[in-house]
Amino acid sequence: MALFDRTASLVIGKPNGDAIEIRDLRFAFSIEKGAGENPNKCTCRVFNLNPASRSLVETVNNVLILKAGYKQDVGELTIFTGTVTRAITKRENADFVTELEMSDGGLEYRDTKTSFSFAPGVTGQQVLTNIAATFGLPIRPLPAEIAQKQYAEGFAFVGRSREAMAKACDYLGLEWSIQNRELQILKKGKAVTQQAFVLSPETGLIGSPESEHKTLTEKAAAKKGFTEKQKGVRVTFGTDDASGDKGKKLEVQGWKVKTLLQPAMQPGGYVRLDTKSINQEFFRIESVTHSGDTHGTEWQSELTLRYV
């Protein structure tokens, strides 16, 4: 992996209409991605657009495709795709800076509605795939061996598709999110295991992993796919918050790591850490923040990892 000679580009324009590509102008970005259903976010600052380009770029609901990578590796990869939710241009010293806020699948998440009525005996997977199709977004391969559960009394729903998806996924022990305008459905707490990214000092790791943990009630942990027998989880008791709850809780251990920008890494990804303190152990990416500046020093990814 040759992480040298950085490269990046922006394509911004109307869906199925006029668009511009930005390569030579300076732009900086900050992307926040999580494994939950709430849409991922991106903020991008573009410097010194000409008036015509600025007018096109500032249009709300325009589509943005941000690519980044390294010329000496695999080139540019799509690191974020979304729609513009807010745009403003302001002067900063000698520069005109156009600041864009984007949401990945935010319109579909917010506005898509559905109405279904299935006969008794319909499978959870049939319900799930029908609901997923209503978003109008590509659907990534479903997990193997989805539980073959049926709705003995059928399934009926009228309302927002996101609520129907949450209901169907909970029934089947799954989780869902939108990643680069594609629906991703995984088993709770599990990773996309077709490919494992290796993180080590030789592949861009910066510094040492930092231990990080969160404490959850048994019920909250189960909703996220954590069990007390899972690696990186330990049972605790006592009062850990303002609720005064003294019941059994689960402390879920994880790691925070920094690396040179890794555009292919997304929530749900499969990672192997290979450091002095963590020797070839496997994790899932819980969340990732990508940040970069085409004319600055910022060019890195920060990940939160959990054991799988």
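In this predicted model, the structure holds 18 salt bridges. Side chains of opposite charge can pair when their charged atoms come close. One such pair is formed by R45 and E92, whose side chains meet with a distance of 2.9 Å from N to O. Here distant parts of the chain are linked, since R45 sits in strand β4 and E92 in strand β6, 47 residues apart. R45 is partly exposed at a relative accessible area of 22%, and E92 also counts as partly exposed, at 27%.

A further salt bridge joins R140 to E182, with the closest N and O atoms 2.7 Å apart. R140 belongs to the loop between α3 (124–133) and β10 (150–151), while E182 belongs to the loop between β12 (174–178) and β13 (183–187), so this pair ties together parts that are 42 residues apart in sequence. E182 is partly exposed, having a relative accessible area of 27%.

D170 and K188 provide another example, their side chains meeting at 3.0 Å, N to O. Because D170 lies in helix α4 (residues 161–172) and K188 in the loop between β13 and β14 (196–199), the bridge ties together parts that are 18 residues apart in sequence. The two partners can be compared with the 20% cut-off for burial in mind: D170 is partly exposed at 48%, whereas K188 is buried at 14%. Salt bridges can also share partners, and in this way E175, K214, R284 and E286 are joined into one network.

Attention now turns to the interior. In soluble globular proteins, nonpolar side chains tend to be buried together. The largest nonpolar core has 26 residues, of which L10, F27, F29 and L66 touch the most other members. Among the elements that give two or more residues to this core are β1 (6–13), β3 (27–34), α1 (51–57) and β5 (63–70). The largest share, four residues, comes from β5. Leaving aside residues up to four places away in sequence, F27 touches L10, C44 and L66, among others. A second, separate core of 24 residues includes Y109, V127, A132 and Y151.

What about the cysteines? A search of the whole structure finds zero disulfides. For C44, the closest cysteine sulfur is that of C42, and the 5.7 Å between them is too far for a bond, because a disulfide requires sulfur atoms within 2.5 Å. C44 is buried, with a relative accessible area of 1%, and C169 is likewise buried, at 2%.

Finally, E58 is found in the loop between α1 and β5, where E58 is partly exposed at 28%. Its contacts beyond four places in sequence are A87, I88, T89 and T98.

Technical notes: Residues numbered from 1 in each chain as written. Predicted model: local features only at pLDDT ≥ 70, side-chain atom pairs only at ≥ 80, totals over all residues. Heavy atoms only, no water. Core = buried A, V, L, I, M, F, W, Y, C linked by side-chain atoms within 4.5 Å. Buried < 20%, exposed > 50% of the residue type's maximum accessible area, 1.4 Å probe, protein only. Contact = heavy atoms within 4.5 Å. Salt bridge = Lys/Arg side-chain N within 4 Å of Asp/Glu carboxyl O.
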